[in-house]
Amino acid sequence: MSQKSKSGNAQPAIAIDGDVVRKIRQHARSSIKAEICGVLIGRDRPGKIEVQACIAGENAEEAGAHVTFTQETWGHIYQVKDKEFPDDRIVGWYHSHPGFGIFLSDHDAFIHKNFFASPGQVAWVFDPHSDEEGCFGWVSGQIERLSQVSVLDRRGGERVQENGRTESSMASAEIPFSVTTRDGAREFVRHSAAAADNEGTSGDSLMRLTTSVFSHLTVLLLGFLLAWYFFPKIEVVPVPVDPISGKPIPGYSMEPVPGNPGQQSADRGGSNQNPKPDANTKENNDRSK
């Protein structure tokens, strides 16, 4: 059957197992600076491609901007496929774009046209830096980015038991894709309940940190106010200075004079101990004699 007659003008719908997506992401994150590759295993049905497993491309020629399937890589791929997936077929390939977005380069398009030319084969691209991903396939004989992509949870439909660990089951369950628009094509982004839990945990940690900081500041402020109120304060009284010499006046004392607490004594070299009598005092003394 020819490529055009099989694919028609409509995009094929892609259904990929959630475990396959997880393995692709783990493989890509193991090599942040160089591209990695592998093949997709599944079934090609009319109007729909099912991806059920993947095989990592070992011994591939990996570089920062391209990856190449070597003869050793293909030997490993077919050995694993014949052993583990004898009834399935290769429905495409995957590779990473570490840090430069989701697209097919000229080298990627060459690989897809020469090794995955069947209409039932797709190319999955994942960027481990931004966690973006996209799928490309054949539409009317041309390679286009596909919009009808869904991730399946193989454990979906399990009945919840009353004595089962429902919280853990919900944490690992997949939430359906949400659709966004990017460069004119729809992009599907997967979210999980575990990611939502992580976001909530991060918010709680920030709230606890903020509360702790304000509590410590409040304790420090209260301690400063209590110390200011209860501890004695030292008052510094300036000593009189001679304006001519600039030196402290000798004999000056801040102790109160006995009998007159409000008056301070100033001993200036004994000048106030024996004051000289004035003229009136002397005249009064003479009259009394």
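Strands are DSSP runs of at least two residues, numbered from the N terminus. By that rule, the short run 61-62 counts as strand E4, and the loop between E3 and E4 holds Asn-59. The model described here is predicted. Its eight-stranded open sheet has mixed pairing, and helices H3 and H4 each lie across several strands.

**The sheet**

- The strand order in the sheet is E9-E8-E7-E6-E2-E3-E1-E10.
- Strands E9 (142-145) and E10 (149-152) are at the edges and have a single partner strand each, so one side of each lacks a neighbour in the sheet.
- From one strand to the next, the twist averages 30°.
- Strands of a sheet pair through backbone hydrogen bonds, in a parallel or an antiparallel sense.
- The pairing of E9 with strand E8 (residues 132-139) is antiparallel and runs over four bridges.
- Gly-137 has Glu-144 in E9 as its bridge partner.

**Helix H3**

- Helix H3 covers residues 71-84 and lies across strands E2 (37-45), E3 (48-56) and E6 (89-96), at about 115° to E3.
- The 14 residues of H3 should span 20 Å at 1.5 Å a residue, and this agrees with the 20 Å between its end C-alpha atoms.
- Six residues named as buried in H3 are Thr-73, Trp-74, His-76, Ile-77, Val-80 and Lys-81.
- Because these residues cover an arc of only 160° around the axis, they lie on the same side of H3.
- An α-helix has 3.6 residues a turn, so residues three or four places apart point the same way.
- E2, E3, E6 and H4 are among the elements that cover the buried residues of H3.
- On the face turned away from the buried side, H3 carries the exposed residues Gln-71, Glu-72, Gln-79, Asp-82 and Lys-83.

**Helix H4**

- Helix H4 (residues 106-115) lies across E6, strand E7 (122-127), E8 and E9.
- Relative to E6, H4 runs at about 170°.

**Cysteines**

- The whole structure contains zero disulfides.
- Cys-54 has a relative accessible area of 15%, which is under the 20% limit, so Cys-54 counts as buried.
- Cys-135 is also buried, at 1% relative accessibility.

**Loop residues with positive phi**

- Asn-59, a residue other than glycine, has a positive phi near 60°.
- The relative accessible area of Asn-59 is 55%, over the 50% limit, and therefore Asn-59 is exposed.
- Asp-131 is in the loop between E7 and E8, and its phi is positive at about 65° although Asp-131 is not a glycine.
- At 43% relative accessibility, Asp-131 is partly exposed.

How values were computed. Residues numbered from 1 in each chain as written. Predicted model: local features only at pLDDT ≥ 70, side-chain atom pairs only at ≥ 80, totals over all residues. Heavy atoms only, no water. Pairing = 2+ DSSP bridges. Axes fitted to C-alpha atoms, helices over the stretch in contact; angles between N-to-C directions. Contact = heavy atoms within 4.5 Å. Expected span 1.5 Å × (residues − 1). Buried < 20%, exposed > 50% of the residue type's maximum accessible area, 1.4 Å probe, protein only. Arc of directions from axis to C-beta. Disulfide = S-S within 2.5 Å.
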